[in-house]
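Dear colleague,

Please find below the structure that I promised to hand over. My notes on what was found in it follow directly after.

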Amino acid sequence: MRRGWIAGIVIGAVLVLVGWTPMTRTFLQDFVLVTDASGSRQTPKNYRGAKLAGQDLRGQDLEGADLRSADLRGTNLRGAHLSGANFQGSNLEGADLSTAILENADLRGANLVGALLRAADLAGANLSASRLVRADLSAANLTHADLRGADLQGAQLNDTLLQQTDLRGLDLARLDLEDTDASAARVR
């Protein structure tokens with residue numbers, strides 16, 4: 001009888017671990033946006049301080065979500081819709097944000113060390129004081145973005161669009177801006 005009880009616990013634990021990622025995706029998909037009483041307006045959900053490290057959230061609609069101080073290390077957010085989302089102070093180290101839409105997102109002070117932002121749309125995003133060390137921003141759109149005081153040491157900026165981007169406070173001599181369009185960028 002004792003062996004059956006132990007086997008039941010082990011099987012239950014495996015089922016919980018296997019089902020966790022799909023359940024997290026379903027939870028976020030169903031509850032990120034809540035319809036108000038009139039049934040027409042949608043309000044973003046609050047995930048401030050959430051522990052979502054390593055989750056598979058690719059393609060999710062998290063527009064306007066509050067993800068301040070969230071732990072999103074290694075999270076797959078590839079192709080996610082994150083326009084206007086607040087990631088202020090969040091840990092996105094090693095996260096995959098390739099092709100994600102981050103227009104007007106607030107990433108002030110976020111940890112994006114080693115993050116993949118290939119072909120991400122960061123137009124108008126605030127990345128001031130963020131850590132983008134070794135981040136891959138290849139072919140990303142940073143038009144009108146704010147990068148004041150960001151740490152871009154070792155970041156890949158191949159074919160990145162930096163038109164009218166605020167680059168004040170950055171050591172441009174240490175950046176490889178070859179094949180990068182930085183026309184009308186603010187550098188002083």
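Arg168 is partly exposed, with a relative accessible area of 31%; here buried means under 20% relative accessible area, exposed over 50%, and partly exposed in between, computed with a 1.4 Å probe on protein chains only. Before I go on, please note that this is a predicted model, in which local features need a pLDDT of at least 70 and side-chain atom pairs count only at pLDDT 80 or more, whereas totals for chains, interfaces and linings use all residues. Residues are numbered from 1 along each chain as its sequence is written, and side-chain values use heavy atoms, with hydrogens and water left out.

Salt bridges

The side chain of Arg168 meets that of Asp166 in a salt bridge, at 2.5 Å from N to O, the term standing for a side-chain nitrogen of Lys or Arg within 4 Å of a carboxyl oxygen of Asp or Glu. Asp166 counts as buried, at 3% relative accessibility, and both residues belong to a network of salt bridges that also links Asp146 and Arg148. A search of the whole structure finds 9 salt bridges. Among them is the one between Arg108 and Asp106, whose closest N and O atoms are 2.6 Å apart; Arg108 is partly exposed at 34% relative accessibility, while Asp106 is buried at 13%. Another joins Asp66 to Arg68, again with 2.6 Å between the closest N and O atoms, and in this pair Asp66 is buried with a relative accessible area of 14%, whereas Arg68 is partly exposed at 23%. Side chains of opposite charge can pair when their charged atoms come close.

The nonpolar core

The largest nonpolar core, meaning a set of buried Ala, Val, Leu, Ile, Met, Phe, Trp, Tyr and Cys residues joined through side-chain atoms within 4.5 Å, has 43 residues, and those with the most contacts inside it are Leu92 and Leu122. In soluble globular proteins, nonpolar side chains tend to be buried together. If contact is taken as heavy atoms within 4.5 Å, and neighbours within four places in sequence are left aside, the partners of Leu122 include Leu102, Leu107, Leu117, Leu127 and Leu137, and also Asn141 and Thr143. Leu107 is itself buried, at 3% relative accessibility; with the same neighbours left aside, the residues in contact with Leu107 include Phe87, Leu92, Leu112 and Leu122. The C-alpha atoms of Leu107 and Ala125, which are 18 residues apart along the chain, are separated by 7.2 Å.

Thr75 and Ala95

Which residues does Thr75 touch, not counting those up to four places away in sequence? They are Leu52, Ala53, Gly54, Gln55, Leu57, Ala95 and Asp96. Thr75 is buried, with a relative accessible area of 0%, and a polar atom of its side chain lies 2.8 Å from the backbone oxygen of Leu52, while the side chain of Thr75 also reaches the backbone nitrogen of Gly54 at 3.4 Å. Ala95 is likewise buried, with a relative accessible area of 0%, and although Ala95 and Gly54 are 41 residues apart in sequence, they are 8.1 Å apart in space, C-alpha to C-alpha.

Backbone angles

Asp159 has a positive phi of about 60° although it is not a glycine, and this residue counts as exposed at 51% relative accessibility. Gln164, also a residue other than glycine, has a positive phi near 55° and is partly exposed, with a relative accessible area of 37%.

The chain as a whole, and where to be careful

The protein chain contains 1 helix and 2 strands, where helices (H or I, at least four residues) and strands (E, at least two) are DSSP runs numbered from the N terminus, and along the sequence the pattern reads α-β-β. Of its 188 residues, 41% count as buried. The mean pLDDT of the chain is 82, and 68% of the residues reach 70 or more, pLDDT being the predictor's confidence in each residue, from 0 to 100. Among the elements, strand β1 (residues 33-35) has the lowest mean pLDDT, at 44, and β2 the highest, at 54. Over residues 29-36 pLDDT stays under 50. Where pLDDT is low, the predicted coordinates should not be read in detail.

With kind regards

Technical notes: Polar contact = N/O pair within 3.5 Å; in protein donor to acceptor, adjacent residues only side chain to side chain.
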